Amino acid sequence: MTTTGLTHDGHKAASSRAEILPLTGLRAVAATAVVIHHIQMPASSPEWVRTLGQAGFIGVPLFFMLSGFVLAYNYPTLTLRDPRSVCRFWVARVARVMPLYWAVLIILVLTRATEGVPQDRSLPLHFLALQTWSGSLNVGATMYNAPGWSICVEMFLYAIFPFLVLAVAHVAKHYGAKGLLALAVVAFAIQFTLWLIFVLKGWADLPATNPQSAHRWLYRNPLTRTPEFTIGMCMAFIVNRGFRFPPWLAWATQTVLVIAIPLVCALRDPNNGPLGAAFFGTLWTIPFALLIVSLASDTGFFARFLATRFMVTLGTASFALYLTHRGRLPGFGQSVVQTAPGHWGYVAVLIIIVWVLLLAEGAHRYIEVPCRTIILNFYDRLVPRVKQGSAS
């Protein structure tokens, strides 16, 4: 760990807690998995390799749980009794994600205009990051910048965080670690029950284009992502109370999960509706929670790897990677990956990944960070911060 006390958006946290570097590196893994999911592996690859690549979307539920953990880790005392701090928290969240989101969207809108493609009527929903509430797959998840649907989810989770953190902090104060675990179990039970209902009703087998599908309700609906976000918050409060995995348990946990998660992804049946619905989050909630707490212990081989300067650098720009990569893939020869003979397809995958990483680093440095700084500085001049307990 460092002692900078920075949040995942690069600003001082209200609690000035040390940044957990392995979790920053983990964000790079999650974002890269999503990129590979969108690139897809060469058609000539073995079936298990293609299946593994297709499962990269599980990086999205990991992001949501990480978001809950990082926010609760850095803002455990955020309270509605201090409206100034809550308002600044919300402004900081908007400054964190929306400038780059809008920049990418504007570029895609202009691109459509130059190509003579009419703008969709859902464009206002996209600018307001409300598109994923739509029952239409085209509007909610494929129109304009496809990964943008998760920004809609994040904005919803940011909006309710000050209310959720009050409840979680109350449980931590009065019931301790056992109460936090019980709350996490309840949240998981809600998530599991929703999945079970979809399986029993046959909705898990519906295609993503169906407004009643698991893809619409279990994957990209903001309400159904709240349980794993809450579980991430509970894990953060447990870590804030001083809990750490013993070194041997951290090593064992990371070893098992680093092997088991890719193995399960590679061996899954993409045509299995119930399993596919579980892949949207339910199947991964417990493994991801264990992985996050293990990495927060700052020990173990995977934690050391993720805490390297290279992985932390990638993790810092992971949001930009996630948000900018999709629009560039078709124009950069995504189809070449599918048609390349032999091992050349894998070389093409590597080249595309390097390209989108460079693009993301530039977007992070020259759009994301400057815009965030400008917005927060303007807000601080408009509404001066209090000296104690201000949220950053």
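Q: Why is the meeting of the side chains of Glu-368 and Arg-372 called a salt bridge?
A: A salt bridge requires a side-chain nitrogen of Lys or Arg within 4 Å of a carboxyl oxygen of Asp or Glu. The N to O distance between Glu-368 and Arg-372 is 3.5 Å, so the pair satisfies that definition. Side chains of opposite charge can pair when their charged atoms come close.

Q: What kind of model is this, and which residues count for its local features?
A: This is a predicted model, in which local features need pLDDT of at least 70 and side-chain atom pairs count only at pLDDT 80 or more, while totals for chains, interfaces and linings use all residues. Residues are numbered from 1 along each chain as its sequence is written, and side-chain values use heavy atoms, with hydrogens and water left out.

Q: Where do Glu-368 and Arg-372 lie, and how many residues apart are they?
A: Both lie in helix α17, four residues apart, which is about one turn of the helix. A helix here is a DSSP run of H or I with at least four residues, a strand is a run of E with at least two, and both are numbered from the N terminus. By this rule the protein has 17 helices and zero strands.

Q: What makes Arg-96, Glu-368 and Arg-372 one network?
A: The side chain of Glu-368 meets Arg-372 in a salt bridge and also meets Arg-96 in a salt bridge of 2.5 Å, N to O. This second pair links distant parts of the chain, with Glu-368 in helix α17 and Arg-96 in helix α4, 272 residues apart. Salt bridges with shared partners therefore join Arg-96, Glu-368 and Arg-372.

Q: What makes the pair of Asp-380 and Arg-88 a salt bridge?
A: The side chains of Asp-380 and Arg-88 meet at 2.7 Å, N to O. Asp-380 is in helix α17 and Arg-88 in helix α4 (residues 83–114), so the salt bridge ties together parts that are 292 residues apart in sequence. A search of the whole structure finds five salt bridges.

Q: Why does Arg-88 count as buried or exposed?
A: Buried means under 20% relative accessible area, exposed means over 50%, and partly exposed lies in between (1.4 Å probe, protein chains only). Arg-88 has 5% relative accessibility, so it counts as buried. Across the protein, buried residues make up 53% of the 392 residues.

Q: How do you know whether His-364 is buried or exposed?
A: Its relative accessible area is 10%, so His-364 is buried. His-364 lies in helix α17 (residues 344–382), and its side chain makes a polar contact with the side chain of Glu-368 at 3.0 Å. A polar contact is a pair of N or O atoms within 3.5 Å; within protein, one must be able to donate a hydrogen and the other to accept it, and residues adjacent in sequence count only if both atoms are side-chain atoms.

Q: How do you know whether Thr-253 is buried or exposed?
A: The relative accessible area of Thr-253 is 12%, so Thr-253 is buried. Thr-253 is found in helix α10 (residues 247–267), where its side chain reaches the backbone oxygen of Leu-249 at 2.7 Å.

Q: How do you know that the radius of gyration agrees with a compact globule?
A: The radius is taken over C-alpha atoms, and the globule rule is 2.2 Å times the number of residues to the power 0.38. For 392 residues a compact globule would have a radius of gyration near 21 Å, and the protein has 21 Å, so the two agree.
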